[in-house]
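User: I'm new to this structure and would like a close look at one part of it. Could you take me through it slowly?

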Amino acid sequence: MKTLLSICVALLLPLQATVVVAADAQPPKVFGKKGYFWDEMTPERAAVLRGGGDPVKGKESFRGCQGCHKADAAGVREGVYPRLTGQHASVLIKQITEIRAGIRSNPKMLPFVEDPAIAMEEIGDIAAYLATLTSVRENGKGAEDMSARGKKLFTDNKCFECHGKNGEGNAAKSFPVVASQHYGYLLREMKWIKQGVRGNSNPDMVKAIAKFSQGDLEAVADYLSRLPDYRTVATPVASK
Amino acid sequence: MKHNYKSIARCLSLCGTLAGLLLPATASADDAVVVPPLEERLQLCAGCHNPDGNSIIPENPKLSGLNAKYLNRQLKDFKSGDRASPIMSSIIPMVDESEFKALAAYFSEQKRTAGVSEKPDLAVLGKQIYDEGIIGSAVPACSGCHNEDGSGTDKYPRLTGQHSLYVSSQLTNFKSGERKNDPKAVMQTVAKRMSEAEIQAVSEYIVTLKEAE
């Protein structure tokens, strides 16, 4: 009986979303739902990773993105739109394909990135183009420097095991770069991951961040926003 | 459960297809079109769009400098009814599809003239929307797709110096879904996120856009 009920609920809940996404699509398996597996390779992600990308075509396709993420892909300082430069291609592809699949919810961006606004082949092209860009505009930082407290939290909770000592992430494992991203974006994502509402949350990260207070989250976000672009660790990012 | 939704969706799209088939069929019942030479045909367009495509009537768009592929597709969409317009849909039955390419090529080669805003105070907010978008309601910057000077590309039409009345009417139509022939529906998404006041403001800025020589 209990199982029957939960099947019914599972069928009913995602119904609206199913209709919007595509008539035939299965409801996306998101964090917290049964059957969710963090790094599940969707067929689309596998195809994009296999297909590679052409940065020249990607520049053209990126036009549809730069109205929000800006021409240098630096996003906006307040962090509503994240910086995309410096992010590993594997991570960009994971995020874009999971947003398209409804695993990570992003209603602001979805109409501009879903099929047919962007065809599957264009995803690899965009990732290849973004790899050629460097953002020159300075990223948004916290209001006050809390990097000492943030650094301690980042170290004590072993965040570096996935995100790297310099916030450089891990391309092979699709762990995102977190250095020199906008403060506002970092803070929002950590909150959503902690609350379990970022559909593609990593369960081990959810555990690592579970006990963070609001102040802790702010301190870590501030620390990470002040880390230099990992590709230019020796020379901090130039300001405007 | 899902089947119900699917069949409703199918039924709806079938209705749409049927309506789409019926409408233009009645509009172009008179099939015996005589194809005149281009110069002669242009006289028909010139009455509303001016000989060089730089219409001086604010309801009628400037066609000058629009990408040929874009023009061609709009003409086809007027013909098929995919783009509704009381005026153009009464003109287009007189024109044969075989003429579209030459008409599109002609207007694409004309030089776009500058426009003036009659409400320059609105253009200040308009510029901000055009260059930066509206972050609160996730409206992307127009410049991202249409270019800073409005020159556009083969995918995104030229907006430079276009009449503000025409621009605001199109944005209103995209917002209401009355114009829905934009590929991938991105312009409908953009316009749906804008208020009437924002539409007016950005239109007053677009008419002032100029391209470098």
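User: Which residue just after α2(B) takes a positive phi?

Analyst: Happy to help! That residue is B:N50, with a phi of about 70°. A word on the background: this is a predicted model, where local features need pLDDT of at least 70, side-chain atom pairs count only at pLDDT 80 or more, and totals for chains, interfaces and linings use all residues. Residues are numbered from 1 along each chain as its sequence is written, chains are lettered from A and ligands numbered from 1 in the order in which they are written, and side-chain values use heavy atoms, leaving out hydrogens and water.

Now for the setting. Chain B has 10 helices and 0 strands; these are DSSP runs numbered from the N terminus, with helices being H or I of at least four residues and strands E of at least two. Of the 213 residues in chain B, 45% are buried, meaning under 20% relative accessible area, while exposed means over 50% and partly exposed lies in between (1.4 Å probe, protein chains only).

Helix α2 of chain B spans residues 38-49, and its buried residues are B:R41, B:L42, B:C45, B:A46 and B:H49. Seen down the axis of α2(B), they fall within an arc of 155°, so they line one face of the helix; the arc is that of the directions from the helix axis to the C-beta atoms. On the other side of α2(B), B:Q43 and B:G47 are exposed. The cover over the buried residues of α2(B) includes α4 (88-91) and α5 (100-108) of chain B.

Notes:
Contact means heavy atoms within 4.5 Å.
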